[in-house]
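Colleague: Before I set up any calculation on this system, could we go through its pockets and its metal sites together, with a residue or a value at the end of each answer?

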Amino acid sequence: HAKRGGRDDFRVYKHSMTSEAHEVMSKSSGLKRALINNELFVVYQPQYDTFSGRIFGAEALVRWNHPSKGILRPAEFLDVAEQTGIIVDLDDYVFNLIFEDLLEWIEQGAIDDDFKISVNFSGRKLFSEQLLQHLTERHEQAPTISQRITLELTERDMITNIEQCQQSIEQIKQLGFKIAIDDFGTGYSSLATLKHLPVDVLKLDRSFISGLGDDSVDYVIIESILSIAKGLNLQAIAEGVETDLQLQSLKDIGCDAAQGYYLSYPIDKEELLQLLAEQKAG
Ligand code: C2E
Ligand code: MG
Ligand code: MG
Ligand code: MG
């Protein structure tokens, strides 16, 4: 019986390996096709001033309009994109989308002078020559746009090669772009990241926000992060605000910037422009 069980296990194992490899292959060729056929697009999650309620920016989040599977979220394809290196082209592609949107919105007078877009980047990308070249070209094309774009990176990505990262970040900042640490506080080296890297924005990870209201530890953690942010003159944005209690707690602590489902889901650009128009109208 044991022997038979072993054989069955082996067969199951082998089968699952094969289907996993198949999945990666079909997803990676699917992604390559997606980049050519323009199947990728972004949704924008508005970022709010918690005190005035004003929208001061938005985070771009990639989506894949898959021809047979419908709209896919990053969790369903980013891993494969990173494993295969397609992420470099994917991030370039997304960057172009938001850059074109910004150019269009400025021309239409749809956004205020200080309105910013935040865009996620994979750490792999930070060290690629392709990124710096691309950012430099875009900067030369429209120098005033850079200051409206924040590149979001996770501390895990930043800390793996801090010296190289320091150089890249300095070059990127010289072009006028801003740098945010995404999911701040979830890495093992949050303070070291702050010490060594000249970032502009801290995005407080959702895991701290979700405890607000009933977990006093999260309260203290957020207060401390805010005080560090203030001391270093960085903007702090709370991520993943889902309830009114969380929003009120953030205001009590003095956090003036937030995004999350309670404030707005990620929306398409027409809806974002609608919100901004309503805001302008008062
Ligand atoms: P992230 O950058 O931390 O983005 C926040 C994620 O949380 C988004 O998921 C967003 O839809 C979701 N979210 C926003 N508010 C709430 C909330 O109140 N509650 C909960 N539970 N979730 C909320 P999404 O769009 O699925 O993106 C997941 C991750 O994929 C992002 O996390 C980011 O790391 C990555 N990503 C997204 N777009 C890109 C991209 O263009 N390039 C790269 N390299 N990564 C991207
Ligand atoms: Mg992000
Ligand atoms: Mg992230
Ligand atoms: Mg995040």
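Colleague: How do the residues of the lining of the largest pocket divide into nonpolar, polar and charged?

Modeller: Bearing in mind that this is a predicted model, the largest pocket has a volume of about 1200 Å³, and 37 residues line it, with Glu59, Leu61, Asn120, Asp182 and Asp183 closest to its centre. By class, the lining of the largest pocket divides into 14 nonpolar, eight polar and 15 charged residues.

Colleague: Which element gives the most to the lining of the largest pocket?

Modeller: The elements that give two or more residues to this lining include helix H2 (78–84), helix H3 (86–108), strand S4 (116–120) and helix H6 (155–159), and S2, S5 and S6 belong to that group as well. The greatest share, five residues, comes from S2.

Colleague: Which residue bridges the magnesium ion (ligand 4) and the magnesium ion (ligand 2)?

Modeller: The protein donors of the magnesium ion (ligand 2) are Glu59 (OE), Asn120 (OD1), Glu152 (OE) and Asp182 (OD), at 2.0 to 2.3 Å from the ion. Those of the magnesium ion (ligand 4) are Asp182 (OD), Asp183 (OD) and two OE entries of Glu239, at 2.0 to 2.4 Å. The two ions lie 4.2 Å apart, and the residue that bridges them is Asp182.

Colleague: How far apart along the chain are Asp182 and Glu239?

Modeller: The donors of the magnesium ion (ligand 4) follow the spacing D-D-x55-E. Asp182 sits in strand S6 (residues 178–184), whereas Glu239 is in the loop between strand S8 (235–238) and helix H11 (244–253), so that this pair links distant parts of the chain, 57 residues apart.

Colleague: Is Glu152 buried or exposed?

Modeller: The cut-off needed here is that a residue counts as buried under 20% relative accessible area. Because the relative accessible area of Glu152 is 1%, this residue falls under that limit, and Glu59, with 3%, does so too. Glu152 is therefore buried.

Colleague: Which residues lie nearest the centre of the second largest pocket?

Modeller: The second largest pocket has a volume of about 220 Å³, and its lining has four nonpolar, four polar and six charged residues. S4, S5, S6, strand S7 (201–204) and S8 each supply at least two residues of that lining. Among the 14 lining residues, those nearest the centre are Phe56, Lys116, Thr150, Val201 and Gln235.

Notes: Residues numbered from 1 in each chain as written. Chains lettered and ligands numbered in written order. Predicted model: local features only at pLDDT ≥ 70, side-chain atom pairs only at ≥ 80, totals over all residues. Heavy atoms only, no water. Donors = N, O, S within 2.8 Å, 3.2 Å for Na, K, Ca; no water. Buried < 20%, exposed > 50% of the residue type's maximum accessible area, 1.4 Å probe, protein only. Helix = DSSP H or I, 4+ residues; strand = E, 2+ residues; numbered from the N terminus. 1 Å grid on protein atoms, 1.4 Å probe; cavity = no way out; pocket = protein on both sides within 12 Å on 5 of 7 lines; lining within 4 Å. Points joined across faces, edges and corners; volume = space filled by probe spheres on them. Nonpolar A, V, L, I, M, F, W, Y, C, P; charged D, E, K, R; others polar.
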